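Colleague: I would like to go through this structure and ask how each label was earned. Please set the values against the cut-offs as we go.

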Amino acid sequence: MIWVTQNTFYRRLLSIPLIFLFTTLMIVGAPLWVPVSWLAGRLFSKARSALRCLSFITTYLLCESVGIVVSALLWAESIIAGGNRSTFLENNRKLQFWWAETLKKAAEGLFRLRFTVDGLDALAGSGAIVLPRHTSIGDTIFPVSFYAKSKGLGVRYVLKRELLLDPCLDIVGNRLPNVFLDRVADNMSSELSAIRRLAEDAGDTDSLVIYMEGTRFSQKKRARIVDLLRQRTDAALLDYAERWHNILPPRLAGAMALMEGAPDKDLLFCAHTGFEGAGSFATLFNGGWMDTDVRIRFWRIPATEIPADLESRKDFLLAQWDRMHREVVQLNRQSQRDCISSVEGSAELAKR
């Protein structure tokens with residue numbers, strides 16, 4: 001699998017036909033899987049969202065297929081018409097935004113998601129380094145849908161290389177300025193250099209996104225990381241990690257490289273709750289996303305408030321990640337209070 005992700009020709013030779021094949025199968029097979037998944041949802045609690053989940057997967061496959069075709073047309077147009085590169089990149093950015101927004105709207109409608117966003121004032125200003133919490137495939141659209149798109153900003157991602165198996169991310173993601181990180185590289189200096197260059201080339205209207213946790217949160221991953229920290233006798237980070245029961249300890253190197261490459265950019269943190277029970281497509285079948293209140297909170301740290309020296313900067317990021325923990329706790333409590341109020345309100349109406 002590692003060899004496939006590293007070879008562009010063979011990777012796309014595998015991924016693109018598979019996307020078209022699965023899209024065709026889902027469309028042609030709809031008369032079969034629609035009634036079967038509907039019935040399964042009625043009979044088995046663990047499959048109560050089967051129909052909605054398969055509908056979302058079909059939407060995803062359609063977005064991928066459309067994205068592949070449109071990206072090919074954009075490439076052909078740039079060759080035939082001889083368009084300038086800036087227009088070509090802008091059209092690919094619009095395609096990226098369409099892809100993310102379409103999936104957001106599909107999830108919002110199919111699973112009856114409700115989004116609440118706090119800290120909108122933090123989104124004002126030029127492009128920032130965005131540091132979101134990561135719990136689900138769903139939260140990957142937040143930097144685009146709730147920040148960059150509404151502000152007319154470009155988005156530069158630092159992503160894991162395994163995501164290149166997604167053909168739209170592969171094709172459009174490699175046309176636009178992004179870094180697909182080899183997380184198991186023997187020498188990470190080249191990876192960090194690529195991240196630094198990504199930031200150095202960014203303009204005022206470009207935002208930079210990195211998921212400092214490095215992977216989606218789960219309690220199993222958290223327990224494993226805490227055990228590793230105990231073995232390393234990293235007392236400072238261990239003290240934090242043992243208190244952070246809803247986030248993973250951050251991997252600071254990537255964020256530090258972005259900050260070094262773009263020292264004038266603010267930091268934009270993104271805390272959120274609601275997607276904890278939906279870490280993968282498999283968990284969607286049991287209703288992990290149904291009727292979920294997704295709460296998002298942004299806060300911005302001006303570049304002038306970021307410490308200059310390396311050690312102070314690390315301590316600063318850990319302190320902000322400690323705030324991430326507190327914000328998530330607060331958002332969860334707010335959701336619980338609203339849920340209780342809703343139940344009590346329904347009970348009161350029933351009495352009347």
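Modeller: We can begin with R323, keeping in mind that this is a predicted model. R323 counts as partly exposed, at 28% relative accessibility.

Colleague: Why is R323 called partly exposed?

Modeller: Buried needs a value under 20% and exposed a value over 50%. R323 has 28%, which lies in between, so R323 is partly exposed.

Colleague: What makes R323 and E327 a salt bridge?

Modeller: Their closest N and O atoms are 3.0 Å apart. The cut-off is a side-chain nitrogen of Lys or Arg within 4 Å of a carboxyl oxygen of Asp or Glu, so this pair qualifies. E327 itself is buried, because its relative accessible area of 9% is under 20%.

Colleague: Where do E327 and R323 lie in the chain?

Modeller: Both are in helix α13, residues 310–351, and they sit 4 residues apart, about one turn of the helix. An α-helix has 3.6 residues a turn, so residues three or four places apart point the same way.

Colleague: Which residues are linked with R323 and E327 in a network of salt bridges?

Modeller: D118 and R297 belong to that network along with R323 and E327. Over the whole structure, the search finds 21 salt bridges.

Colleague: How do you know that D291 and R112 form a salt bridge?

Modeller: The closest N and O atoms of D291 and R112 are 2.6 Å apart, and the limit is 4 Å, so the pair counts. This salt bridge links distant parts of the chain, 179 residues apart. D291 is in the loop between α12 (281–284) and β7 (293–301), while R112 is in the loop between α5 (85–110) and β1 (114–118).

Colleague: Are D291 and R112 buried or exposed?

Modeller: Neither label fits: D291 has a relative accessible area of 36% and R112 has 39%. Values between 20% and 50% are called partly exposed, so that is the label for D291 and R112.

Colleague: What does the salt bridge of D266 and R300 tie together?

Modeller: D266 and R300 meet at 3.0 Å, N to O. D266 lies in the loop between α11 (252–261) and β6 (267–273) and R300 lies in strand β7, so the pair ties together parts that are 34 residues apart in sequence.

Colleague: Why are D266 and R300 called buried?

Modeller: D266 has a relative accessible area of 18%, which is under 20%, so D266 is buried. R300 has 19%, so R300 is buried by the same cut-off.

Colleague: What makes helix α7 mostly covered?

Modeller: In α7, residues 167–175, 7 of the 9 residues are buried. Among them are C168, I171 and V172. The cover over the buried residues of α7 includes α2 (8–28), α4 (50–80), α5 and β4 (179–181).

Colleague: How do you know that the chain agrees with a compact globule?

Modeller: A compact globule of 352 residues would have a radius of gyration near 20 Å, and the chain has 21 Å, so the two agree. The C-alpha trace spans about 60 × 60 × 40 Å along its principal axes.

Colleague: How many helices and strands does the chain have, and what share of its residues is buried?

Modeller: The chain has 13 helices and 7 strands. Buried residues make up 48% of the 352 residues.

How values were computed. Residues are numbered from 1 along each chain as its sequence is written. This is a predicted model: local features need pLDDT of at least 70, side-chain atom pairs count only at pLDDT 80 or more; totals for chains, interfaces and linings use all residues. Side-chain values use heavy atoms; hydrogens and water are left out. Helices (H or I, at least four residues) and strands (E, at least two) are DSSP runs, numbered from the N terminus. Buried means under 20% relative accessible area, exposed over 50%, partly exposed in between (1.4 Å probe, protein chains only). The radius of gyration is taken over C-alpha atoms; the globule rule is 2.2 Å times the number of residues to the power 0.38. Contact means heavy atoms within 4.5 Å.
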